[in-house]
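Work through the exercises below with the sequence and the 3D structure open. Try each task before reading its solution.

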Amino acid sequence: MLRTLLSGDLPRSRVLAAALIAILVALAFAPFLFPGTRSLNVAAKVLVFILLVASYDLLLGYTGIVSFAHTMFFGIGGYGIGIAASKLGPTWGSLVLGSGVALAVSAVLALGIGLLSLRVRAIFFAMITLAVASFFQILASQLSGFTGGEDGLNYKLPDLLLPGTRFLEAPLFGVEVNGRLLTYYLVFAVTAALFLLLLRVVNSPFGRVLQAIRENEFRAEAIGYRTAGYRTAANCIAAVVATAAGVLYALWLRYTGPDTTLSFAIMIDILLMVVIGGMGTMYGAALGATIFVVAQNYLQDLMKLASGAAAGVPLLPNLLHPDRWLLWLGVLFVLCVYYFPYGIVGRLRLGSGAPAR
Amino acid sequence: MTAPAASAPAAAAAPAAPALAGRRIDWIPLALVVALAAAALPLTGSGPTWLTLTVAGLAMGMMIFIMASGLTLVFGLMDVMNFAHGAFITVGAYAAASILIALKGSMQEASVAANLAAMVPAALAAIALAGALGWFFERVVIRPVYGDHLKQILVTMGGLIVCEQLIHVVWGPDIIPLPRPASFTGAITLGDAAIERYRLLAVAVGLAVFAGMWLVLNRTRLGLLIRAGVENTEMVESLGYRIRRLFVGVFVAGSGLAGLGGVMWAMYQESVNAQMGMQVMVVIFIVIIIGGLGSVGGCFVGALLVGLLANYTGYVAPKLALGSNILLMVLVLLWRPRGLYPVGKG
Amino acid sequence: MTEPLLALAGVHTHIGQYHILQGVDFAVPRGGLTMLLGRNGAGKTTCLRTIMGLWRASRGSVRYDGRDVTQLGTPELARLGIAYVPENMGIFAGLTVRENLVLAARERRLDDARLDWIFGFFPALRTFFSGFAGNLSGGQKQMLAIARAIVEPRALLLVDEPTKGLAPAIVASLIEAFRELKRTDTTILVVEQNFHFARSLGDSVAVMDSGRIVHAGAMAAFAADEPLQTRLLGLSLEAHQ
């Protein structure tokens, strides 16, 4: 039964399986295991980014396409909710409309970008997606009447999802059962469902063609696959799932702005997560996102201690300064590209004697 | 010797001889620059405003050219897209800033000679440090992944992140203000037009760099090798040249130019921050795409177009300004899908 | 009999997973012109590229002028006196005809007498000397490609399908040019599919099929043996004018 659920894509490594189970349990019971607003925020962010990075893995890891426009789709989802909730009022109807429009816009844009990618070389494509994402970012900050500009949009959600709405009078295991809890489990459920869907996609015949294209497009074309169609489809699926992640994030934060969704820093973060976790493995996205978001929030405390301890040594305090956590992740990222092309997941699998992906 | 009759028909069958015997440079893209400037004149309303904007546009274009030219040449010759190019720009700017701050006194004097006494060492330091970083990058970071474009993109992006963080480590996270040299602040007036002195300096430096590159590429054997190599590296090797030994040199030169561009850009903005290289990368990519990957001349024209357009639209239609260069890129690609001056490998 | 200028022994070449050359044993005698014939896909171009070091032989050896050059890189092979004219001609379109020739002249200066000799059988190159190579017609580009290979004396010329896609009149001038070249000391190895061209110029012939040499010998004998031609190439030299 587990096999069917995971579409036959088992972890293939005891350590990996253990880690994934731990992550699953931690996220499923986060409100109870880690009480407090901060930890719940981290958990929700982990969920959203697992989905976002998994969708990027479909593009980069499975199809071999490098695109810098992924945050654009993330942002479209966020703004879909944001604009609908702000302009049309916080009702379920407007949320559904907002999500629907966002998903449709993403699909169409992805179609356009996908068609473009067929006519140009990979490097050209990467540069153009960078320009397109940048253009979108400018658009979002310029159309401030619509999008709230640099400040973004703050909005309310339907009553069911508000923290004020209580479903049970007394707390359950010390946790308030309110709209916030419901929102969390909504994010959890959608993330889990879409992640399993992605697993299904990459383990299907369609997914195998994508991998064939990644390995050798020329040969795939020669065998008879119309690689054009497959790559475009991959672009669209990845974009739509990223948009869904954006929708979830917007629901959780009750805020959408250029810095939470469209910034290039987020694009870089996604790259770091997918490579360190493991390209072309899906589970790599889960691992990578968890490690990254947790590090982003808690590693800095650790580094502050280390930096203080190293005071007096030249340069070392600076290197260990909490703000420099990205330096170490960047180094890890580069090392992964050279030595661990399939990231942590690949390494763990090789360690158990299984193939890396 | 040979049978002239047999070869004469061959010559006659070829397209009409003497008219094509001379060189034919494609003047259209250059004409575009002039056309753009001319079109802007009625739109800006007044002559003096137009003049100010045009100089500003040319200055911006020149600086972008200096920053971008290395990247396009490296890509054309070595088929390597260095996404970390922005780091060379930033490093150059910081290196120069350190020197200019140390020589603050010289910068604040109102004499050109004193200012240059500070600026020239600063520029040299920028070129040297950026060049050294480039050398390190080519040898250690990029060499293992020649030919694999995917890994190149990832590795150079990683390098960019690490460089930016290291800049924070060495120079601190704060924005460092960088005032312009005293004799190049302010503006001179030509009739009713106010033209910033610094911008004139930028135009002069840009033209000098372009002239220098043009001379090397077109009048030296080294330049000949590079131009041929951009078109077809294999053939150059088949003619007996170990062109791969040139790669490091070209990469270092390109990085040094980026450093120089960084200095000019930093003084233009009057501040240095760790993101400045990354911030300008999108514009640089747009410029080299417009110009044609691998073409220095195309990069020059593209940079001027982008600089002029940004300044004109900034005055005439400010809302369009930020997105105007992307629109320009789309238009150019619709006209010439491989850029203004397509070169070899593209 | 002097030692052959070029000798391949048991050469295998793999491109990715494709095993193209499957044990090539082949000798090119000094002086004279050797034709390398074969059907499409037989491996003729791969053979030339392997000799020139553009693709590395996975097994076997290539000996040139008495020394083993299998592991040498392309620039080194060129410096030993081997000139290569690839199938796509390798013309630098953005450079002028003059610059193309200057680049090929490693001694750094073009020898006027030599140039005059070349212009003798390729007059178009004199006419368009200062023009961009990209503006030349197909036949003129081929002339330039060959001119580049001979702008300085070389010991061995490797030419890949020089007549491909050219009009008969141009092919005629190429035949004249090669006849001139045969008068020099240069050894020439030509891959061709045009059999009229092959028969007019070839002193020796070798035929490739499926990555191996299946026949080698004098051209005169091969040209006279029609059944052999049909068997190896699928048609006779006469029929394919």
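The exercises deal with a predicted model, and each is followed by a worked solution.

**Exercise 1. Confidence in chains A and B**

Task: Find the mean pLDDT of chain A and of chain B, and state which elements have the lowest and highest values.

Solution.
- Step 1. Start with chain A, where the mean pLDDT is 88 and 100% of the residues reach 70 or more.
- Step 2. Go through the elements of chain A. Helix 11 (residues 217-223) of chain A has the lowest confidence, with a mean of 75, and helix 4 (residues 37-62) of chain A has the highest, at 94.
- Step 3. Turn to chain B. Its mean pLDDT is 86, and 92% of its residues reach 70 or more.
- Step 4. Among the elements of chain B, the lowest mean pLDDT, 35, belongs to helix 2 (residues 17-20) of chain B, and the highest, 94, to helix 11 (residues 233-238) of chain B.
- Step 5. Look at the start of chain B. Over residues 1-23 of chain B pLDDT stays under 50, and the model has 42 contacts beyond four places in sequence for this stretch.

**Exercise 2. The overall form of chains A and B**

Task: For chain A and chain B, compare the radius of gyration with the value for a compact globule, and describe what each chain is built from.

Solution.
- Step 1. List the secondary structure. Chain A contains 18 helices and two strands, while chain B contains 15 helices and four strands.
- Step 2. Apply the globule rule to chain A. A compact globule of 357 residues would have a radius of gyration near 21 Å, and chain A has 21 Å, so the two agree.
- Step 3. Repeat this for chain B. For 346 residues the rule gives a value near 20 Å; chain B has 22 Å, which agrees.
- Step 4. Add the outer dimensions. Along the principal axes, the C-alpha atoms of chain A fill a box of roughly 65 × 55 × 50 Å, and those of chain B a box of roughly 80 × 55 × 40 Å.
- Step 5. Check burial. Of the 357 residues in chain A, 49% are buried; of the 346 residues in chain B, 51% are buried.
- Step 6. Check how far apart in sequence the contacts reach. Of the contacts in chain A with a separation of 6 or more, 72% are between residues 24 or more positions apart. In chain B, 78% of the contacts between residues at least 6 apart join residues at least 24 apart.

**Exercise 3. Which chains touch**

Task: State which pair of chains has the most contacts, then describe the side of chain A that touches chain B.

Solution.
- Step 1. Two pairs of chains touch, and the most contacts are between chains B and C.
- Step 2. Chain A and chain C are joined by no contact; their closest C-alpha atoms lie 11 Å apart.
- Step 3. Take the contact between chains A and B. Chain A gives 29 residues and chain B gives 27 residues.
- Step 4. Assign the chain A residues to elements. Helix 7 (122-142), helix 14 (264-277), helix 16 (316-320) and helix 17 (325-339) of chain A each supply at least two residues. Helix 7 of chain A gives the most, with eleven residues.
- Step 5. Sort this side of chain A by residue type: 22 are nonpolar, five are polar and two are charged.

**Exercise 4. The four-stranded sheet of chain C**

Task: Give the strand order of this sheet, and explain why strand 2 and strand 5 of chain C are its edges.

Solution.
- Step 1. The four strands form an open sheet in the order 2-1-4-5 (chain C), with antiparallel pairing.
- Step 2. Strand 2 (18-28) and strand 5 (67-68) of chain C each have a single partner strand, so one side of each has no neighbour in the sheet.
- Step 3. Examine an inner pair. Strand 1 (residues 6-15) and strand 4 (residues 59-64) of chain C run antiparallel and are joined by five bridges. His12(C) stands opposite Arg59(C) in strand 4 of chain C.
- Step 4. Add the helix. Helix 1 (residues 44-51) of chain C packs on the sheet and touches strand 1, strand 2 and strand 4 of chain C. The direction of helix 1 makes about 70° with that of strand 2 of chain C.

**Exercise 5. The six-stranded sheet of chain C**

Task: Give the strand order of this sheet, then follow the bridges from strand 6 to strand 8 of chain C.

Solution.
- Step 1. Six strands form an open sheet in the order 6-7-8-3-9-10 (chain C), and the pairing is mixed.
- Step 2. Strand 6 (82-85) and strand 10 (212-218) of chain C are the edge strands, each pairing on one side only. From one strand to the next the twist averages 15°.
- Step 3. Strand 6 and strand 7 of chain C pair in the parallel sense over four bridges. Here Tyr84(C) has Leu158(C) as its bridge partner in strand 7 of chain C.
- Step 4. Strand 7 (residues 156-160) and strand 8 (residues 187-191) of chain C run parallel, joined by five bridges. Leu158(C) has Leu189(C) as its bridge partner in strand 8 of chain C.
- Step 5. Look at the side chains. In a regular strand they alternate between the two faces of the sheet. In strand 6 of chain C, Ile82(C) and Tyr84(C) point one way, Ala83(C) and Val85(C) point the other way, and all are buried.

Technical notes:
Residues are numbered from 1 along each chain as its sequence is written. Chains are lettered from A and ligands numbered from 1 in the order in which they are written. Two residues are in contact if their C-beta atoms, placed from the backbone, lie within 7 Å. Ala, Val, Leu, Ile, Met, Phe, Trp, Tyr, Cys and Pro count as nonpolar, Asp, Glu, Lys and Arg as charged, and the others, Gly among them, as polar. Two strands pair if DSSP finds at least two bridges between them. Axes are lines fitted to C-alpha atoms, for helices over the stretch in contact, and angles run from 0 to 180 degrees between N-to-C directions. pLDDT is the predictor's confidence in each residue, from 0 to 100. The radius of gyration is taken over C-alpha atoms; the globule rule is 2.2 Å times the number of residues to the power 0.38. A residue is buried if 20 or more other C-beta atoms lie within 10 Å of its own, exposed if 12 or fewer, and partly exposed in between; C-beta atoms are placed from the backbone.
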